[in-house]
Amino acid sequence: MSFKNKIVLILGGTGIIGNAIADSFDKQNAIVYRHGAKRGICRAEIRKSEDLKKIIASIADQHKKIDILINSVSAPISIAPFERKHWNDFLGHLEIQLKSAVETASLVLPLMKKEKCGRIIHIL
(Lines give C-alpha, C1' and ligand atoms only; values in the text may rest on other atoms or scores of the structure.)
Protein backbone atom coordinates (compact mmCIF):
# COMPACT_ATOMS: atom_id res chain seq x y z
CA MET A 1 0.00 0.00 0.00
CA SER A 2 1.29 3.42 -0.91
CA PHE A 3 1.08 6.16 1.69
CA LYS A 4 2.26 8.90 -0.67
CA ASN A 5 0.25 12.07 0.02
CA LYS A 6 -1.98 10.32 2.57
CA ILE A 7 -3.01 12.67 5.37
CA VAL A 8 -1.95 11.18 8.70
CA LEU A 9 -2.72 12.63 12.12
CA ILE A 10 -0.77 11.15 15.02
CA LEU A 11 -1.84 12.09 18.51
CA GLY A 12 1.10 11.46 20.79
CA GLY A 13 3.28 11.81 17.72
CA THR A 14 6.30 13.03 19.64
CA GLY A 15 6.53 10.14 22.12
CA ILE A 16 8.68 7.10 21.52
CA ILE A 17 6.00 5.05 19.73
CA GLY A 18 4.31 7.96 17.97
CA ASN A 19 7.62 9.38 16.80
CA ALA A 20 8.66 6.04 15.27
CA ILE A 21 5.30 5.76 13.51
CA ALA A 22 5.53 9.33 12.22
CA ASP A 23 9.06 8.76 10.93
CA SER A 24 7.88 5.66 9.08
CA PHE A 25 5.06 7.57 7.37
CA ASP A 26 7.44 10.46 6.59
CA LYS A 27 9.76 8.05 4.79
CA GLN A 28 6.80 6.88 2.69
CA ASN A 29 5.96 10.46 1.65
CA ALA A 30 2.78 10.77 3.68
CA ILE A 31 1.69 14.19 4.93
CA VAL A 32 2.11 13.78 8.68
CA TYR A 33 0.66 15.94 11.43
CA ARG A 34 2.06 15.24 14.88
CA HIS A 35 0.52 16.25 18.15
CA GLY A 36 2.72 16.05 21.20
CA ALA A 37 3.20 17.48 24.63
CA LYS A 38 6.76 18.65 24.11
CA ARG A 39 7.30 19.57 20.50
CA GLY A 40 4.22 18.71 18.57
CA ILE A 41 3.46 20.46 15.34
CA CYS A 42 -0.23 20.41 16.28
CA ARG A 43 -0.16 22.13 19.64
CA ALA A 44 -3.19 21.42 21.80
CA GLU A 45 -4.25 20.45 25.27
CA ILE A 46 -5.53 16.95 24.64
CA ARG A 47 -7.97 17.17 27.56
CA LYS A 48 -9.83 20.07 25.95
CA SER A 49 -12.49 19.14 23.42
CA GLU A 50 -12.19 22.51 21.71
CA ASP A 51 -8.47 21.98 21.10
CA LEU A 52 -9.12 18.58 19.53
CA LYS A 53 -11.78 20.13 17.29
CA LYS A 54 -9.33 22.84 16.20
CA ILE A 55 -6.67 20.30 15.23
CA ILE A 56 -9.13 18.26 13.13
CA ALA A 57 -10.73 21.36 11.58
CA SER A 58 -7.36 22.86 10.67
CA ILE A 59 -6.25 19.73 8.83
CA ALA A 60 -9.68 19.22 7.22
CA ASP A 61 -9.77 22.84 6.03
CA GLN A 62 -6.42 22.43 4.35
CA HIS A 63 -6.79 18.91 2.90
CA LYS A 64 -10.55 18.18 3.04
CA LYS A 65 -9.79 14.78 4.55
CA ILE A 66 -7.80 12.76 7.06
CA ASP A 67 -6.84 9.34 5.77
CA ILE A 68 -5.30 7.89 8.91
CA LEU A 69 -5.75 8.74 12.59
CA ILE A 70 -3.32 7.16 15.02
CA ASN A 71 -3.91 7.75 18.69
CA SER A 72 -0.83 6.90 20.70
CA VAL A 73 -1.43 9.43 23.45
CA SER A 74 -0.09 8.67 26.86
CA ALA A 75 0.14 10.61 30.07
CA PRO A 76 2.65 10.69 32.86
CA ILE A 77 2.05 8.19 35.59
CA SER A 78 4.15 7.87 38.68
CA ILE A 79 6.32 4.81 39.00
CA ALA A 80 5.84 2.98 42.28
CA PRO A 81 5.35 -0.57 43.48
CA PHE A 82 1.89 -1.74 42.60
CA GLU A 83 0.89 -2.31 46.20
CA ARG A 84 1.33 1.43 46.80
CA LYS A 85 -0.84 2.40 43.85
CA HIS A 86 -4.48 3.39 44.11
CA TRP A 87 -7.20 3.58 41.51
CA ASN A 88 -7.02 7.39 41.52
CA ASP A 89 -3.38 7.16 40.41
CA PHE A 90 -4.60 5.74 37.11
CA LEU A 91 -7.68 7.89 36.45
CA GLY A 92 -5.91 10.87 34.89
CA HIS A 93 -3.90 8.61 32.63
CA LEU A 94 -7.00 6.71 31.50
CA GLU A 95 -8.99 9.89 30.98
CA ILE A 96 -6.41 11.26 28.59
CA GLN A 97 -6.06 8.01 26.65
CA LEU A 98 -9.75 7.17 26.39
CA LYS A 99 -11.08 10.69 25.94
CA SER A 100 -8.66 11.45 23.13
CA ALA A 101 -9.50 8.12 21.46
CA VAL A 102 -13.25 8.59 21.61
CA GLU A 103 -13.34 12.28 20.76
CA THR A 104 -10.88 12.24 17.88
CA ALA A 105 -12.48 9.16 16.34
CA SER A 106 -15.90 10.82 16.49
CA LEU A 107 -14.48 13.98 14.86
CA VAL A 108 -12.56 12.18 12.11
CA LEU A 109 -15.14 9.51 11.27
CA PRO A 110 -17.45 11.84 9.27
CA LEU A 111 -14.51 12.89 7.09
CA MET A 112 -13.59 9.27 6.49
CA LYS A 113 -17.17 8.28 5.71
CA LYS A 114 -17.39 11.10 3.19
CA GLU A 115 -14.26 9.76 1.47
CA LYS A 116 -15.50 6.16 1.90
CA CYS A 117 -12.08 5.32 3.22
CA GLY A 118 -9.91 5.76 6.27
CA ARG A 119 -8.14 4.04 9.13
CA ILE A 120 -8.30 4.69 12.86
CA ILE A 121 -5.71 3.04 15.07
CA HIS A 122 -5.66 3.35 18.85
CA ILE A 123 -2.59 2.33 20.80
CA LEU A 124 -3.57 2.25 24.46
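A residue counts as buried under 20% relative accessible area, as exposed over 50%, and as partly exposed in between. I start there because Cys117, at a relative accessible area of 41%, falls in that middle class and is partly exposed. I will come back to Cys117 later. One caution before anything else: this is a predicted model.

First, the overall layout. The chain has three helices and four strands. Going along the sequence, they follow the pattern β-α-β-α-β-α-β. The C-alpha atoms fill a box of roughly 50 × 30 × 25 Å along the principal axes. The radius of gyration is 15 Å, which agrees with the value near 14 Å for a compact globule, because the chain has 124 residues. Of those 124 residues, 40% are buried.

Next, contacts. Take the contacts between residues at least 6 apart in sequence: 63% of them join residues at least 24 apart. As for the surface, the accessible area is about 7,700 Å², and carbon and sulfur atoms account for 57% of that. On charge, there are 20 positive and 12 negative side chains. The centres of those two sets lie 5 Å apart.

Now to the helices, beginning with α1, which covers residues 16-27 and contains Phe25. Is Phe25 buried or exposed? Phe25 has a relative accessible area of 10%, so it is buried. What does it touch, once neighbours within four places in sequence are left aside? The contacts of Phe25 are Phe3, Val8, Ala30, Val32, Ile68 and Ile70. There is also a distance to give here: Phe25 and Lys4 are 21 residues apart in sequence, and their C-alpha atoms are 8.6 Å apart in space.

Past α1, in the loop that leads to β2, sits Asn29. Its relative accessible area is 48%, so Asn29 is partly exposed. Phi of Asn29 is near 65°, a positive value in a residue other than glycine. For background, most residues other than glycine have a negative phi. We will meet that sign again.

Strand β2 holds Arg34. This is a charged side chain, one of the kind counted as positive. Arg34 nevertheless has 11% relative accessibility, so it counts as buried. For scale, Arg34 and Phe90 are 56 residues apart in sequence and 25 Å apart from C-alpha to C-alpha.

On to helix α2, residues 49-63. The helix has 15 residues and spans 21 Å from the first C-alpha to the last, close to the 21 Å expected at 1.5 Å a residue. Which residues of α2 are buried? They are Asp51, Leu52, Ile55, Ile56, Ile59 and Ala60. An Asp is on that list, along with Leu, Ile and Ala. And what do the buried residues pack against? They pack against strands β1 (7-11) and β2 (31-35), and against helix α3 (87-115). Just after α2 comes Lys64, with a positive phi of about 70°.

Moving along, Ile77 is in the loop between β3 (68-71) and α3. At a relative accessible area of 28%, Ile77 is partly exposed, so it does not count as buried. Leaving aside neighbours within four places in sequence, Ile77 is in contact with Lys85, Asp89, Phe90 and His93. Val102 is another matter: the C-alpha atoms of Ile77 and Val102 are separated by 21 Å, with the two positions 25 residues apart along the chain counted as their separation.

That brings us to the last loop, between α3 and β4 (119-122), where Lys116 has its place. Lys116 is exposed, because its relative accessible area is 75%. Its phi is near 60°, again a positive value in a residue other than glycine.

Cys117 lies in that loop between α3 and β4 as well. As I said at the start, Cys117 is partly exposed, at 41%. Where does Cys117 stand relative to Lys65? The two are 52 residues apart in sequence, and 9.8 Å apart from C-alpha to C-alpha.

To put the positive phi values side by side: Asn29 is near 65°, Lys64 is at about 70°, and Lys116 is near 60°. On exposure, Phe25 is buried, Arg34 is buried, Ile77 is partly exposed, and Lys116 is exposed. That is what I have on this predicted model.

Methods. Residues are numbered from 1 along each chain as its sequence is written. This is a predicted model: local features need pLDDT of at least 70, side-chain atom pairs count only at pLDDT 80 or more; totals for chains, interfaces and linings use all residues. Side-chain values use heavy atoms; hydrogens and water are left out. Helices (H or I, at least four residues) and strands (E, at least two) are DSSP runs, numbered from the N terminus. The expected span of a helix is 1.5 Å times one less than its number of residues. Buried means under 20% relative accessible area, exposed over 50%, partly exposed in between (1.4 Å probe, protein chains only). Contact means heavy atoms within 4.5 Å. The radius of gyration is taken over C-alpha atoms; the globule rule is 2.2 Å times the number of residues to the power 0.38. Accessible areas come from the Shrake-Rupley method with a 1.4 Å probe; for residues, only the protein chains shown count as cover. The place of a charge is taken as NZ of Lys, CZ of Arg, CG of Asp or CD of Glu.
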